Amino acid sequence: MGLGAEGGEDESIDIQIRIAQIDKEFNDILNTVTAENPESLLTDPRIEVLMTEKRTLESKLAEYSAAEQHRRNAMSRLDNIFTVLDGMKNHPLTFDNEIIRKILQCVVVEAKDRIKVVFIGGLEVESEVEW
């Protein structure tokens, strides 16, 4: 099961570095503004380009963060499942009609030696039946 980065390599470090560079460039531009030329801040074409790039990078960084959180959540759920399964290794399972009714949608007899079990949620499992 692949739980790593779906879209390729995580570039979050590179994005954070570029955002820091953009912030430095913007501060350098702000430092050039003086009382004699306050309108230079409004007329500098680099500001819009830098801010647009920064917004794009911050959006991408948020996507990486969300994907990483999703991966962590999935791994946590898997760890919980494996812990429960390990705990059940030496305990015999008993048939519980109520649980079966909650997880099974239907059982389809396809042939005298083949059945299909359909679980709630759409998962289907086909199996050979021995007589």
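Biologist: What is the mean pLDDT of the protein, and what share of its residues reach 70 or more?

Modeller: The mean pLDDT is 84, and 88% of the residues reach 70 or more; pLDDT is the predictor's confidence in each residue, from 0 to 100. This is a predicted model, in which local features need pLDDT of at least 70, side-chain atom pairs count only at pLDDT 80 or more, and totals for chains, interfaces and linings use all residues. Residues are numbered from 1 along each chain as its sequence is written, and side-chain values use heavy atoms, leaving out hydrogens and water.

Biologist: Where does pLDDT stay under 50?

Modeller: That applies to residues 1-8. For this stretch the model has six contacts beyond four places in sequence, a contact being heavy atoms within 4.5 Å.

Biologist: How many helices and strands does the protein have?

Modeller: There are four helices and three strands, in the order α-α-α-α-β-β-β along the sequence. These elements are DSSP runs numbered from the N terminus: helices are H or I runs of at least four residues, and strands are E runs of at least two.

Biologist: What makes the reach of helix α1 close to the expected value?

Modeller: The expected span is 1.5 Å times one less than the number of residues. Helix α1, residues 12-32, has 21 residues, for which 30 Å is expected at 1.5 Å a residue. From its first C-alpha to its last, α1 reaches 31 Å.

Biologist: Which residues of α1 are buried?

Modeller: They are S12, I15, I19, I22 and I29. Buried means under 20% relative accessible area, exposed means over 50%, and partly exposed lies in between (1.4 Å probe, protein chains only). These residues cover an arc of only 95° around the axis, which puts them on the same side of α1; the arc is that of the directions from the helix axis to the C-beta atoms. An α-helix has 3.6 residues a turn, so residues three or four places apart point the same way. The face of α1 turned away from its buried side carries the exposed residues I13, D14, K24 and N31.

Biologist: Which residues make up the largest nonpolar core?

Modeller: This core has seven residues: I15, I19, I22, I29, I47, L50 and L57. A nonpolar core is a set of buried Ala, Val, Leu, Ile, Met, Phe, Trp, Tyr and Cys residues joined through side-chain atoms within 4.5 Å. Helices α1 and α3 each supply at least two of its residues, and the largest share, four residues, comes from α1. As for L50, its contacts outside its neighbours within four places in sequence are R18, I22, E25, F26 and I29.

Biologist: Why is the pairing of R72 and E68 called a salt bridge?

Modeller: The term requires a side-chain nitrogen of Lys or Arg within 4 Å of a carboxyl oxygen of Asp or Glu. R72 and E68 meet at 3.5 Å, N to O, and therefore satisfy the rule. Both lie in helix α3 (residues 45-87), four residues apart, about one turn of the helix. By this rule the count comes to 11 salt bridges. R18, E25 and E53 are linked in a network of them.

Biologist: Are K102 and E98 buried or exposed?

Modeller: K102 has 56% relative accessibility and counts as exposed; E98, at 52%, also counts as exposed. Their side chains form a salt bridge at 3.5 Å, N to O. They are four residues apart in helix α4 (residues 97-103), which separates them by about one helical turn. R101 is in α4 as well and is exposed, with a relative accessible area of 63%. R101 and I120 are 19 residues apart in sequence and 9.6 Å apart in space, C-alpha to C-alpha.

Biologist: Why is K116 counted as buried or exposed, whichever applies?

Modeller: The relative accessibility of K116 is 17%, so K116 counts as buried. K116 is found in strand β2 (residues 114-119). Leaving aside neighbours within four places in sequence, K116 is in contact with C106, V107, V108, E110, E124, V125 and E126. With E110, K116 forms a salt bridge, the closest N and O atoms being 3.7 Å apart. E110 has a relative accessible area of 38% and is partly exposed.

Biologist: What share of the 131 residues of the protein counts as buried?

Modeller: The share is 11%.
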